[in-house]
Amino acid sequence: MNGLTITLKETRDVADGTRLFVFEKPQGYTFKAGQYVALEVPKPDGMDGMEIDPRGLTRSLSIASAPFESDLHFTMRKGESSFKQVCWKLIPGATVVITKAVGFFVLPAEEDTRPIVFVAGGIGITPVRSILKQAEHDKSTRNFTLLYANRFIKDVAFEEEMKNIAIPHFRHITVLSKSEDPCAPDNDERGYICTETIQKYIKDISGCLYYIVGSPQFSGAIEKILIDLGVPKEQRHMDPFTGLKAADTKK
Ligand SMILES: Cc1cc2nc3c(=O)[nH]c(=O)nc-3n(C[C@H](O)[C@H](O)[C@H](O)COP(=O)(O)OP(=O)(O)OC[C@H]3O[C@@H](n4cnc5c(N)ncnc54)[C@H](O)[C@@H]3O)c2cc1C
């Protein structure tokens, strides 16, 4: 793969089976919050005996850091593939190769001031984190709502960080589909996101822009709810994480 070589600085586990990879950002590397890259890991020397599965050692990954931040962050759910096995063995100093950033899961032009509603499933939070951190940094006055779905609280990545985003008009709703823990008094839901969830939290349903991100199954389910609620295609931005199993997004 032609691309840029970047060096791993550190890794941190940010939820159950979910790891943040912090890389040095090459000088002059630019991207818009919400975009993604193709990332290729090398077959490490010590794994010569390992058979690489047919999916190979490259995956699409959203950049989880914001453009203003000094490093490049990627966050992944653990998996059985050769790619993930190599990733989980990466140590600081290791290098990977990335392409330039691409994708249209980005905020509209500033003149378009419509409120933004993110509906994210599991690891689908990665581009949302990038967008919200950049909006916080830019002192955005836009209205944002985040409905963030996971199975259990242990699966929720960046929980404290997302709850503490300092944007004046920002609401964060945690949705746990399998948890039997009691709900907090506000902004906390149990079960799957459904029509009633959207109606409860979004007062002007037809006046918002929706950003839907997660496994293809999750994205498809949310898209259907919005279509049934009469939200036109122009107001629905999709970022289906093709290749991600529904169980991985823990919707
Ligand atoms: C734009 C974009 C951004 C993404 N961002 C992230 C991210 O930030 N973090 C993250 O963890 N993942 C992200 N993904 C998903 C990522 O690329 C991997 O597919 C995912 O992490 C699973 O990888 P894996 O190696 O564990 O499993 P894989 O080896 O990729 O396989 C997982 C399952 O999907 C099936 N599958 C493989 N390819 C396809 C395909 N093309 N279509 C349908 N089914 C397929 C396989 O048969 C298998 O059952 C993103 C995907 C896209 C398209």
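These are my notebook entries on the surroundings of the ligand in a predicted model.

Entry 1, location. I looked up where the ligand sits and found it in the largest pocket. The elements that each give two or more residues to the shell around the ligand are β4 (58-62), β5 (71-77) and β12 (236-240). Of the shell, β4 supplies the largest share, which amounts to four residues.

Entry 2, shell. I then listed the residues that surround the ligand, which number 20, and noted that the closest are R55, S60, T75, S81 and G243. Sorted by class, the shell around the ligand holds seven nonpolar, seven polar and six charged residues. I also checked the domains, and at least three residues of the shell come from each of domain 1 (4-98) and domain 2 (116-249).

Entry 3, polar contacts. I went through pairs that involve an oxygen atom of the ligand, and for K84 I noted an N or O atom of the side chain at 2.9 Å from such an oxygen. For R59, a polar side-chain atom lies 3.0 Å from an oxygen atom of the ligand, whereas for R77 the atom in question is a backbone N or O, at 3.5 Å from a ligand oxygen.

Entry 4, cover. Finally I looked up the accessible area of the ligand, which is 960 Å² on its own, and recorded that the protein covers 73% of that area.

Technical notes
Residues numbered from 1 in each chain as written. Predicted model: local features only at pLDDT ≥ 70, side-chain atom pairs only at ≥ 80, totals over all residues. Heavy atoms only, no water. Near = heavy atom within 4 Å. Polar contact = N/O pair within 3.5 Å; in protein donor to acceptor, adjacent residues only side chain to side chain. Areas by Shrake-Rupley, 256 points an atom, 1.4 Å probe, with all protein chains shown as cover. 1 Å grid on protein atoms, 1.4 Å probe; cavity = no way out; pocket = protein on both sides within 12 Å on 5 of 7 lines; lining within 4 Å. Sits in = over half its atoms within 2 Å of the grid points. Nonpolar A, V, L, I, M, F, W, Y, C, P; charged D, E, K, R; others polar. Domains from an automatic or database assignment.
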